[in-house]
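Q: I have a structure open on my screen and would like to learn how to read it feature by feature. Could you walk me through it?

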Amino acid sequence: MRGRFLQTPEAMAGTAILVLLATMALAAPLIFPGDPLRIAGPALVPPFQDWTLPLGTDRLGRDVLAELFHGARTSLVVGLAAAAASLAVGAVIGTLAGFAGGLADEALMRLTDAFQTVPGFLLALAFVSIVGPSLSVVVMAIALSAWTGPARIARAEVLSIRERDFVAGARVVGMHPLEIAFREVLPNALPPVLALSSIIVAQAILIEAALSFLGLGDPNRVTWGGMVAEGRTVLRTAPFLSIVPGIALVVTVLGVYLAGEGAVESAAVKKGLS
Amino acid sequence: MAEHLLTVDGLAKRFRRGDSTVAAAEAISFHIDAAETLALAGPSGSGKSTVARLLLRLIEPDAGSVTFEGENWLALEGAPLRTHRAKMQMVFQDPLAAFNPRATVARVLDDPLRIHRIAPRAERPRRIAGLLERVGLSTDLAGRAVHEVSGGQRQRVAIARAIATKPSLIVLDEAVSALDVSVRGKILELLADLQRTDGIAYLFISHDLGLVRVFAHRVAILDGGRLAEQGDARAVIDAPQSAVGKALVAATPKLHGFTGQDAS
Ligand SMILES: Nc1ncnc2c1ncn2[C@@H]1O[C@H](COP(=O)(O)OP(=O)(O)OP(=O)(O)O)[C@@H](O)[C@H]1O
Ligand SMILES: [Mg+2]
């Protein structure tokens, strides 16, 4: 399984990027202990000049490499937490709608439509401006729009699964409808829903970066989006301050996407073989 | 008149198909006594499964009444219905489709024991082993995934699940049709044995009149959602009165028996 997953070069590259990113995130407090937002040297040291500050410093003299490492933490935490929340909420709502049918289905799907028609970023922006920026609020803000995709897919899957004999069997045994929905049907509806996770993680990382860029990220954390925004004020004299976190974002999103595609593909191959 | 275990009167169900409707069941009336086997035979699409699904309240009828164990079975809803389901169980044709693809044998048998509070948690593994033994399976099978055991074993697990709640009626919808002949004979022997020891009644759905003749006490023949004739299994099959009965008998190449056992 693992061998097949790593067979395509794209999946391999994606996985390598994710492993690197996770290592950065985990190692950040070890390699760069203390507050990454503290002053580490003179301001605006260019990269590759001073080997104690390999990527130089920003406008306030903060260590860019340290910020990059700690920023990886934020991006990963937000990406994973937002995806987990969206998938969980989406799967539950989709399962309820598909399994209950009738009015409940109608109501839940109209709700899904309503959330889907508002652009996700605007929804997140509005939510954070009202509730105030903190990491958990940012995660919730992103999940607020991202659950609709998983909900639709879960519902479609549940609609076909609920007609199968084993669901009738569970009813005959006298199982409670909620237990049938969540213990018998939902786990079997999950695979195609989980296939969405990479896209949601990538989207979440981008939305978080955009919020931080607009100054709506958690002010107590380093974020890549915040770094890009910081660098913007000195874009002409020190473009690397925006370029470095920008590249980190692009590479991360690409890595998540490639690894996700690889996982979906190998799952499809596995299904085809069995 | 003595009370029957199950009395079905005027049961009807129409399905929508495009703009029109088809009568999958119409004016169906029959009864089953305790420890009796009534076969429901008929060509494909004649409404056999529809009658089974109506009885098990998997679909709701348009008309008719069902009295089961002296109760108005169709009036039961929600929690009381779930409780009463213990007494009427079903075994499906395709034993693979009838189980959650993720379930283990132990979980399949644990469900009825847990839901109907038949045994406390600590005692359930022992009960599960007892059920497996009762249907002639090794207790080692408990930990296996349902899709990892053979078709014949899986159908035995289905029977074990059905008898876990000590039902008085089991609906067998083509329960042996998918099995090869030798396995089929063994399963039918098991069912006959359960009927003898526990007094379970069966609604035995099959299109195989050879099987029906040796396994069932009485037979009802369906055609296009209506009952064409019913009566003593041998009498009807040896001398069918209805056109569909004659056609079914003619289509049965050789009225074969399953090894040894007879329902009588
Ligand atoms: N859910 C449904 N929706 C629409 N029509 C249905 C539905 N279920 C059954 N029917 C129709 O009702 C009729 C009876 O079907 P049923 O499955 O009861 O037949 P059967 O006797 O069990 O056939 P078989 O021997 O092939 O299993 C058929 O015409 C079938 O197409
Ligand atoms: Mg059928």
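Q: How many residues of chain B are in contact with chain A?

A: Keep in mind that this is a predicted model. The size of an interface is often given as the accessible area lost when the parts come together. Here we count residues instead: 21 residues of chain B are in contact with 14 residues of chain A.

Q: Which elements of chain B supply at least two residues of the side that touches chain A?

A: They are α2 (78-84), β6 (88-91) and α3 (105-115) of chain B. The element that gives the most is α3(B), with 3 residues. By class, this side of chain B has 11 nonpolar, 4 polar and 6 charged residues.

Q: What does the radius of gyration say about chain B?

A: The idea is to set the value against what a compact globule of that length would have. For 264 residues the expected radius is near 18 Å, and chain B has 18 Å, so the two agree. Along its principal axes, the C-alpha trace of chain B spans about 55 × 45 × 40 Å. Buried residues make up 46% of the 264 residues in chain B. Chain B has 9 helices and 10 strands. Of its contacts between residues at least 6 apart in sequence, 69% join residues at least 24 apart.

Q: Which residues are the closest to ligand 1?

A: Ligand 1 is surrounded by 13 residues, and the closest are B:Phe15, B:Ala24, B:Lys48, B:Ser49 and B:Thr50. Two or more residues of the shell come from each of β1 (6-17), β2 (20-32) and α1 (48-55) of chain B. The most are given by α1(B), with 3 residues. Sorted by class, the shell around ligand 1 has 3 nonpolar, 8 polar and 2 charged residues.

Q: Now to chain A. Why can the buried residues of α5(A) be said to line one face of the helix?

A: An α-helix has 3.6 residues a turn, so residues three or four places apart point the same way. In α5(A), the buried residues are A:Gly120, A:Ala124, A:Phe127 and A:Val128. Seen down the axis of α5(A), its buried residues fall within an arc of 95 degrees, so they line one face. The face turned away from the buried side carries the exposed residues A:Leu122 and A:Ile130.

Q: What covers the buried residues of α5(A), and how far does this helix reach?

A: The cover includes α6 (135-146) and α10 (197-213) of chain A. As for its reach, α5 (residues 120-131) of chain A has 12 residues and runs 16 Å from its first C-alpha to its last, close to the 16 Å expected at 1.5 Å a residue. Just after α5(A) comes A:Gly132, with a positive phi of about 100 degrees.

Q: How many residues of α10(A) are buried?

A: In α10(A), 13 of the 17 residues are buried, so this helix is largely enclosed by the rest of the structure. From first C-alpha to last, α10(A) reaches 24 Å, close to the 24 Å expected at 1.5 Å a residue. A:Gly215 follows α10(A) and has a positive phi, near 80 degrees.

Q: Where does A:Leu44, with its positive phi, have its place?

A: Most residues other than glycine have a negative phi, and most peptide bonds are trans. A:Leu44 is not a glycine, yet its phi is positive, about 55 degrees. Its place is in the loop between α2 (9-31) and α3 (64-100) of chain A. With 16 C-beta neighbours inside 10 Å, A:Leu44 counts as partly exposed.

Q: What is the phi of B:Ala35?

A: The phi of B:Ala35 is near 60 degrees, a positive value in a residue other than glycine. B:Ala35 is found in the loop between β2 and β3 (37-41) of chain B. With 15 other C-beta atoms within 10 Å, B:Ala35 is partly exposed.

Q: One last residue: is A:Ala85 buried or exposed?

A: A:Ala85, which lies in helix α3 of chain A, is buried, because 20 other C-beta atoms lie within 10 Å. Leaving aside neighbours within four places in sequence, A:Ala85 is in contact with A:Val139 and A:Ala143. The C-alpha atoms of A:Ala85 and A:Val256, 171 residues apart along the chain, are separated by 17 Å.

Definitions and conventions:
Residues numbered from 1 in each chain as written. Chains lettered and ligands numbered in written order. Predicted model: local features only at pLDDT ≥ 70, side-chain atom pairs only at ≥ 80, totals over all residues. Contact = placed C-beta atoms within 7 Å. Helix = DSSP H or I, 4+ residues; strand = E, 2+ residues; numbered from the N terminus. Nonpolar A, V, L, I, M, F, W, Y, C, P; charged D, E, K, R; others polar. Rg over C-alpha atoms; globule rule 2.2 N^0.38 Å. Buried ≥ 20, exposed ≤ 12 C-beta atoms within 10 Å, placed from the backbone. Expected span 1.5 Å × (residues − 1). Arc of directions from axis to C-beta. Near = placed C-beta within 6 Å.
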